[in-house]
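I set out to look up helix burial, sheet order, internal spaces and unusual backbone geometry in one model. My entries follow in the order in which I made them.

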Amino acid sequence: MALVLLLAAPTGCERGSSTRPAPPPPPRTATAGCPGALARAGAAVRRAQSADPAWNGPTTGPRAVPGKSLVYVAQSMTNPGVAGTVAGVRDAARVIGWSVRVIDGQGTPSGIQAAFSQAVTLRPSGIVVGGFDPRLTSRQVDRADAARIPLVGWHAVAAPGPSARPRLFTNITTKVEDVAGISADWVIDHSGGDAGVVVFTDASIPFARHKSDLIKKRLATCPGARLLAEENIPLPDTSSRTPQEVSSLLARFGDAWTHSVAINDVYFADAAPALRAARRKGGGAPYNIGAGDGDPSAFERVESRQFQAATVPEPLSQQGWQAVDEFNRAFSGAPASGYVMPVHIATAANSDGATSWDPPGYREAYRRIWGGDASESKGNRR
C-alpha cells in the first residue's frame, strides 16, 4: 500500500502493555453454514502463518555484472515500507558490489518529481521507483527511457511484473488478490465462520477500493461472515476521522462487531484510542487484521495485543534484494524473474518479537546466483 500513501504520512501506534493472555478466538459454531469456505480458509491461513517457509524464489540467473550504480527515488523515507526496501537494496548492493544513492521525494508530488529529475541527471545504471505511481513523473520516466536507464518499481503500479505503460522492467509487490483473499480468510477461520465484520477502506483511491472489494467478495463466500459496514475514510484523514467512526460503530453494533479488515494497518493505530475509551480489551473483539505493508508499528500492536490481532506484511528486505537481482537481469539482457513472494500472516504466536517479516533463504539464493560473496569486499561505493 505504499503506492497509495503519497499524501498520507505514516502514523505511529499507541503502545500499551498487558500482562494478561489474549482471549481465545470465538468458538467455532456448528451453524456457521460455510463448511467448505471454512475448510478452505483454514488451510490457506495455516500455510500463510508458517514462520519458516522454504525459499521458492529464483535459484538461477545471470552472474553479477560489475561496476553498476543505482539511484533509489523514494516516495518518502518516513514511509516504513519505502525505508525497509531501501535497507534491503543497500544490503544487496554491498554484496553484489554496486553503489546506491537514495533521493527522498519527501511525500509530495513536487518533491518526487524533483527527486526523479535529479536521479535521471545523475545517469545511474538503474533507477528504483520506490512507492509512488510513475505516471506522476511521466516526463522523467520518458527521459530515463530515452537515456536507456532501466526502471524497477516497488509498489509503483498495482500488479507485479513488467509494465509497458508506464514502462518498468518489472514491478515488485505482492498480488492484491492474494493479500485481500488471505485477510478475509483469516477472519473466516478465526471466527469459525461466524463473524460481524467492518471493512475500512479509502474509496478515493482505485487500488484501495479494489482491494476492499476483493475482501468483501471473499467474505461473501461464507454467509456467516456478515458485513456490518464498510467505512470509507481517506488515508490522509485516518487520525482525525477514525476514532469518531469507531465510536459510532461501537454504538451501532456493540458486541455484534467481532472482526475488522483494513486496507492498511494505519487504521488500527487510530482506532485504538476509541476502543480503549470504550473499555475494550486490547486482545479482544473486535479482532483486527491489516491488509497492508506490516510496518513496525503494526508488528508492535500485534505482539503486545493492542487492538490488532494480525497483519499481512510485505517482506521488505527481500523485495529490496529482489530489486537488485532484477536490475542485474536487466543489465545482462535477461528477462525479469517474475517472482512474487507468497503472502504471510503475522500474529503474536508466530512473529516472535520481530518488527518486520523477513523470510529465510533469499540472501543465500541471490548470493549463489550472483556468484558468491567475492563481490562483497568491494563495498558499497558512493
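**Entry 1. Helix H9**

I began with helix H9, where I found Ser 297, Ala 298, Phe 299, Arg 301 and Val 302 buried. I note at the outset that the model is a predicted one. I then looked up what covers these buried residues of H9, and the cover includes H8, strand S11 (310-311) and S12. Just after H9, I recorded a positive phi of about 55° at Arg 305.

**Entry 2. Helix H8**

I turned next to H8, which spans residues 266-277. Of its 12 residues, 9 are buried, so I describe H8 as largely enclosed by the rest of the structure. I listed the buried residues as Val 266, Tyr 267, Phe 268, Ala 269, Asp 270, Ala 271, Ala 272, Ala 274 and Leu 275. Their cover includes three strands, S7 (195-201), S9 (259-262) and S10 (287-290), together with helices H7 (238-253) and H9 (296-304). After H8 comes Arg 279, for which I noted a positive phi near 65°.

**Entry 3. The mixed sheet**

Which order do the strands of the open sheet take? I read it as S8-S7-S9-S10-S11-S12, a sheet of 6 strands with mixed pairing. Strand S8 (225-232) and strand S12 (346-347) stand at the edges; each has a single partner strand, so one side of each lacks a neighbour in the sheet. Within the sheet, I looked up the pairing of S9 with S10 and found it parallel, over 4 bridges. Asn 288 in S10 is the bridge partner of Ser 260.

**Entry 4. The β-α-β unit**

I then examined strand S1 (residues 69-74) and strand S2 (residues 99-104), which pair in the parallel sense over 6 bridges. Tyr 72 stands opposite Val 102 in S2. With helix H2 (residues 80-96), S1 and S2 make a β-α-β unit, and I recorded its hand as right-handed.

**Entry 5. The second largest pocket**

I looked up the second largest pocket, which holds about 340 Å³ of space. Its lining has 22 residues, and those closest to its centre are Arg 47, Ala 48, Pro 342, Val 343 and His 344. Helix H1 (35-48) and helix H5 (176-191) each supply at least two residues of this lining. H5 gives the largest share, 5 residues. By class, I have 13 nonpolar, 4 polar and 5 charged residues in the pocket lining.

**Entry 6. The second largest cavity**

I found 2 cavities of 30 Å³ or more in the structure. The second largest has a volume of about 30 Å³. It is lined by Ile 172, Thr 173, Thr 174, Gln 318, Gln 319, Gln 322, Tyr 339, Val 340 and Met 341. Helix H10 (residues 316-331) gives the most to this lining, with 3 residues. I recorded the classes in the cavity lining as 4 nonpolar, 5 polar and no charged.

**Entry 7. Cis peptide bonds and positive phi**

I keep in mind that most peptide bonds are trans and that most residues other than glycine have a negative phi. The peptide bond from Arg 165 to Pro 166 is cis, with omega near 0°. Pro 166 lies in the loop between strand S5 (161-163) and strand S6 (168-172). I noted another cis bond, from Ala 285 to Pro 286, with omega near 0°. I placed Pro 286 in the loop between H8 and S10.

Arg 123 has a positive phi, near 55°, and lies in the loop between helix H3 (109-121) and strand S3 (126-130). Is Arg 123 buried or exposed? Its relative accessibility is 56%, so I count it as exposed. His 155 likewise has a positive phi, near 55°, and I found it in the loop between strand S4 (151-154) and S5. At 3% relative accessibility, I count His 155 as buried.

**Entry 8. Ser 204**

My last item was Ser 204, in the loop between S7 and helix H6 (206-219). Ser 204 is exposed, with a relative accessible area of 55%. I also looked up its separation from Pro 234: the two are 30 residues apart in sequence and 6.9 Å apart in space, C-alpha to C-alpha.

Technical notes:
Residues are numbered from 1 along each chain as its sequence is written. This is a predicted model: local features need pLDDT of at least 70, side-chain atom pairs count only at pLDDT 80 or more; totals for chains, interfaces and linings use all residues. Side-chain values use heavy atoms; hydrogens and water are left out. On a 1 Å grid over the protein atoms alone, a cavity is a set of points where a 1.4 Å probe fits but cannot get out, and a pocket is an open set with protein on both sides within 12 Å along at least five of seven lines; lining residues have an atom within 4 Å of a point. Grid points are joined across faces, edges and corners, and a volume is the space filled by probe spheres set on the points. Ala, Val, Leu, Ile, Met, Phe, Trp, Tyr, Cys and Pro count as nonpolar, Asp, Glu, Lys and Arg as charged, and the others, Gly among them, as polar. Two strands pair if DSSP finds at least two bridges between them. A crossover is right-handed if, with the strands pointing away from the viewer, the path from the first strand over the helix to the second runs clockwise. Buried means under 20% relative accessible area, exposed over 50%, partly exposed in between (1.4 Å probe, protein chains only). Contact means heavy atoms within 4.5 Å.
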